[in-house]
Amino acid sequence: MAEVQLAANQYGKAENRVVRVTRDTDRHEVADLNVTSQLRGDFAAAHIDGDNSHVVATDTQKNTIFAFAKDGIESPEAFLLRLADHFTGEFDWVSGGRWAADQYGWSRINDHDHAFYRGAPEVRTTVLVRDNGTDTLLSGFFGLTVMKTTQSGFVGYPRDKYTTLPETEDRILATDISTKWRYNTTDLDFNLVYDSVKQVIMTTFSQGYSRALQQDLYKMASAVIDAHDEIDEIKFSCPNKHHFLSDLSFCGLENLGEVFYAADRPYGLIEATIQRKGSATADAAWMGINGFC
């Protein structure tokens, strides 16, 4: 047999759908999470010898997630930190892990006490990586669709024999924002920071003239880092949701930027990482992230 050695490994229970209803009063609250738990540590014997004495069953991890939900879910970040503290504290050989949660937002129907609808357009995301006693917390969201109907253009790009795209100084700019940011501390009101970051991103997107989606990503990221000392890095992955002016000349109509064809594919995909100058990197924590962010 070839000479080999065990390298990086982790295991756990993925996508545990947890809905926690707080019903201490007649006015209920809902926390709806999709939680994944993966442990890292001394699991060599399980891989090499089939010795499960250090294998905390994935079913145990699932049960722990639901049992911890009984005590409430203040925020996805706080919930994952509780799980990490438990598993690394309860089992000596568990040195760290990777815990992730997606949160789905619910809103009240007509301010009803216990009737809700899925009210948040975006899905809130959190990933906690604990390695060698160091926590790296990545939070963000995906699926937030935004659009500007003017004050956007695209000119000055190189042209060759394959270029057919006409330049324009007035176009629709639309995108689905997917973003994750990296905290430099875990002592925070995570819900307050999340709401603020989302508002900063939307406000910045709406302001000023856009010369390219790349410029918008840079401006949004800069505004977030300027507003939040606790954030050292932010990533964006944004498709350009193209809207092409529909040619109505076939029926004698002039289209003055009023009727568009919304193309779902192909699309431009713009991605960028913006980091606070002088801050430490955390490349290892990003390795398990699907796609760019």
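Contact here means heavy atoms within 4.5 Å. With that in hand, start at Arg171: leaving aside neighbours within four places in sequence, Arg171 is in contact with Lys148, Thr149, Thr150, Ser152, Gly153, Phe154, Ala212, Leu213 and Asn240.

A word on the ground rules. This is a predicted model, where local features need pLDDT of at least 70, side-chain atom pairs count only at pLDDT 80 or more, and totals for chains, interfaces and linings use all residues. Residues are numbered from 1 along each chain as its sequence is written, and side-chain values use heavy atoms, with hydrogens and water left out.

Back to Arg171, which sits in the loop between E5 and E6. Helices (H or I, at least four residues) and strands (E, at least two) are DSSP runs, numbered from the N terminus. Arg171 is buried yet has no salt bridge, and the nearest side chain of opposite charge, Asp216, is 6.2 Å away. Buried means under 20% relative accessible area, exposed over 50%, and partly exposed in between (1.4 Å probe, protein chains only). A salt bridge takes a side-chain nitrogen of Lys or Arg within 4 Å of a carboxyl oxygen of Asp or Glu; Lys and Arg count as positive, Asp and Glu as negative, while His and the chain ends are not counted.

Here are three residues that sit in strands:

| Residue | Strand | Relative accessibility |
|---|---|---|
| Leu144 | E5 (residues 134-148) | 4%, buried |
| Ile177 | E6 (residues 173-183) | 0%, buried |
| Phe244 | E8 (residues 243-245) | 40%, partly exposed |

Beyond its neighbours within four places in sequence, Ile177 has contacts that include Leu144, Ile201, Met220 and Phe236. Phe236, on the same basis, touches residues including Ile177, Leu217, Ile270 and Phe292.

Which residues touch the most other members of the largest nonpolar core? Out of its 50 residues, they are Phe79, Leu83, Ile177 and Phe236. Helix H4 (residues 190-206) supplies the largest share of this core, seven residues. A second, separate core of eight residues includes Ala100, Ala282, Ala285 and Trp286. A nonpolar core is a set of buried Ala, Val, Leu, Ile, Met, Phe, Trp, Tyr and Cys residues joined through side-chain atoms within 4.5 Å.

On the surface, Leu165, Phe244 and Tyr261 make a nonpolar patch of about 310 Å². Patch members have over 30% relative accessible area and no salt bridge, with like charges joined within 9 Å and nonpolar side chains (Val, Leu, Ile, Met, Phe, Trp, Tyr) within 5 Å. Accessible areas come from the Shrake-Rupley method with a 1.4 Å probe, and for residues only the protein chains shown count as cover.
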